[in-house]
Amino acid sequence: MTTNQAQEPWQWEEKHWRGLVNQVRAGRRLAPAKWKNGARWAVALSFDSDHETNELREGGKSIGRMAWGQYGNRVGMPRILDILRRHDIKASFYVPAVAALLHEDEQRQVVSEGHEIGIHGWIHELNSVLPYEAERDLMFRSADTLEKITGIRPVGLRTPSWDFSPNTLRIEAELGLLYDSSLMADEDCYELLLDGEPTGIVELPVEWIRDDAVYFMMHRFQSLRPYTPPKDVLDIFLRELDAAYEAGGLFQLTMHPHIITPRSRIWILEEVIRHAKAKGDVWFATHAEIAAFVKENASE
């Protein structure tokens with residue numbers, strides 16, 4: 001691939017822009033004819049347990065924003081785990097290593113209740129600003145840290161802020177990961193290609209509209225403010241869920257313990273679960289379970 005920083009994008013040679021596009025692409029679609037135990041569709045709930053790292057990641061020192069992160073551990077996680085426990089549902093939690101070190105007991109409780117913990121960076125750093133050596137070191141250290149705390153080696157990665165560098169997929173392959181959940185080239189799972197070659201790594205795709213943060217985030221000193229009423233957010237989530245049911249596909253949802261769990265919002269999670277159960281013929285599973293199943297049972 002040729003590069004020329006002085007050129008405008010419209011001046012790039014075809015080889016250059018094709019090279020940029022083809023670094024990481026969606027390959028073979030991994031859509032099973034039926035889900036586990038003959039279920040019509042699958043639901044994968046996930047939570048990004050960022051906690052205090054949302055402030056620490058950029059060198060922030062705001063005590064108020066770190067307190068908001070602690071809310072995720074202190075109030076948010078107990079509420080989430082209680083709902084999952086009452087409905088007998090397993091979910092996936094993506095935890096920056098620093099957050100895991102700050103709240104080790106939380107991670108041990110999560111795995112003791114049968115949920116999955118996945119890699120979510122070291123301190124919620126942006127992968128795209130890191131050189132290969134630094135990104136690799138942080139990713140491996142994060143995996144080692146989560147394994148040391150929980151006793152289980154993580155098999156999946158969700159990059160912080162879904163920020164994907166040209167080196168991220170290569171490092172995931174070096175780590176021997178089963179899946180990634182950071183990209184959005186489809187609504188159902190697919191195999192990731194690196195420079196046109198199949199990697200064997202499953203992508204369990206995300207989407208901003210299936211993420212609570214885009215509707216509810218708040219930053220006092222910026223213009224970022226919550227803009228969507230909780231009932232409207234639920235409506236969006238349920239429309240996505242209903243469409244996944246009709247297609248016999250996957251409904252994947254991303255939430256954050258410090259965002260989804262205030263009293264005026266936590267009911268959204270329970271309503272999503274109730275609605276999915278009312279549709280019936282559903283398999284609730286962790287992201288790791290979904291990735292393993294589609295890898296072995298894809299019909300396309």
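# Report on a predicted protein model

Leaving aside residues up to four places away in sequence, Val-272 is in contact with Leu-45, Leu-234, Phe-237, Leu-238, Leu-241, Phe-251 and Leu-253. The structure discussed here is a predicted model. Val-272 is a suitable starting point, as Val-272 is among the residues that touch the most other members of the largest nonpolar core.

## The nonpolar cores

The largest nonpolar core holds 52 residues, and those touching the most other members are Leu-45, Phe-47, Leu-84, Phe-93, Leu-269 and Val-272. Helix H9, which covers residues 230–247, supplies the largest share of this core, with 7 residues. Another core lies apart from this one and has 19 residues, including Leu-30, Trp-35, Ala-285 and Val-294.

Phe-47 gives a second view of the largest core. This residue is located in strand E2, residues 41–48. Because the relative accessibility of Phe-47 is 0%, Phe-47 counts as buried. Beyond the residues up to four places away in sequence, Phe-47 touches Ile-80, Leu-84, Ala-91, Ser-92, Phe-93, Tyr-94, Met-255, Pro-257 and Leu-269. Three of these partners, Leu-84, Phe-93 and Leu-269, are listed with Phe-47 among the core residues that touch the most other members. By contrast, the C-alpha atoms of Phe-47 and Leu-169 are 22 Å apart, with the two positions 122 residues apart in sequence numbering.

## The protein as a whole

The secondary structure consists of 12 helices and 10 strands. Why does a radius of gyration of 19 Å agree with a compact globule? A compact globule of 300 residues would have a radius of gyration near 19 Å, and the protein has 19 Å, so the two agree. Along the principal axes, the C-alpha atoms fill a box of roughly 55 × 50 × 40 Å.

Of the 300 residues, 52% count as buried. The accessible surface comes to about 13,900 Å², and carbon and sulfur atoms account for 51% of that area. Among contacts with a separation of 6 or more, 72% join residues 24 or more positions apart. The protein carries 34 positive and 46 negative charges, and the mean positions of these two groups are 5 Å apart.

## Residues in loops

Several loop residues can be compared by their relative accessibility. A residue is buried under 20%, exposed over 50%, and partly exposed in between.

| Residue | Relative accessibility | Class |
|---|---|---|
| Ser-49 | 0% | buried |
| His-51 | 1% | buried |
| Phe-221 | 66% | exposed |
| Gly-176 | 58% | exposed |
| Asp-281 | 44% | partly exposed |

Ser-49 occupies the loop between E2 and helix H2, residues 53–56. Apart from residues up to four places away in sequence, Ser-49 is in contact with Met-77, Phe-93, Tyr-94, Val-95, Pro-96, Ala-99, Glu-106 and Pro-257. Among these partners, Phe-93, Tyr-94 and Pro-257 are also touched by Phe-47.

His-51 belongs to the loop between E2 and H2 as well. Although His-51 is not a glycine, its phi is positive, at about 50 degrees. A positive phi, near 55 degrees, is also found in Asp-281, another residue other than glycine. Asp-281 is placed in the loop between H11 and strand E10, residues 282–284.

Is Thr-261 buried or exposed? Thr-261 has 0% relative accessibility and therefore counts as buried. Its position is in the loop between helix H10, residues 257–260, and helix H11, residues 266–279. When residues up to four places away in sequence are left aside, the contacts of Thr-261 are Tyr-71, Gly-76, Arg-79, Ile-80 and Ile-266. One of these residues, Ile-80, is also touched by Phe-47.

Two other loop residues are exposed. Phe-221 is found in the loop between helix H8, residues 213–216, and H9. Because the relative accessibility of Phe-221 is 66%, this residue counts as exposed. Phe-221 and Arg-57 are 164 residues apart along the chain, and their C-alpha atoms are separated by 17 Å. Gly-176 sits in the loop between helix H7, residues 168–175, and strand E6, residues 179–180. With a relative accessible area of 58%, Gly-176 is exposed. From Gly-176 to Gln-7 the distance is 38 Å between C-alpha atoms, and the two are 169 residues apart in sequence.

Notes: Residues are numbered from 1 along each chain as its sequence is written. This is a predicted model: local features need pLDDT of at least 70, side-chain atom pairs count only at pLDDT 80 or more; totals for chains, interfaces and linings use all residues. Side-chain values use heavy atoms; hydrogens and water are left out. Helices (H or I, at least four residues) and strands (E, at least two) are DSSP runs, numbered from the N terminus. The radius of gyration is taken over C-alpha atoms; the globule rule is 2.2 Å times the number of residues to the power 0.38. Buried means under 20% relative accessible area, exposed over 50%, partly exposed in between (1.4 Å probe, protein chains only). Contact means heavy atoms within 4.5 Å. Accessible areas come from the Shrake-Rupley method with a 1.4 Å probe; for residues, only the protein chains shown count as cover. Lys and Arg count as positive and Asp and Glu as negative; His and the chain ends are not counted. The place of a charge is taken as NZ of Lys, CZ of Arg, CG of Asp or CD of Glu. A nonpolar core is a set of buried Ala, Val, Leu, Ile, Met, Phe, Trp, Tyr and Cys residues joined through side-chain atoms within 4.5 Å.
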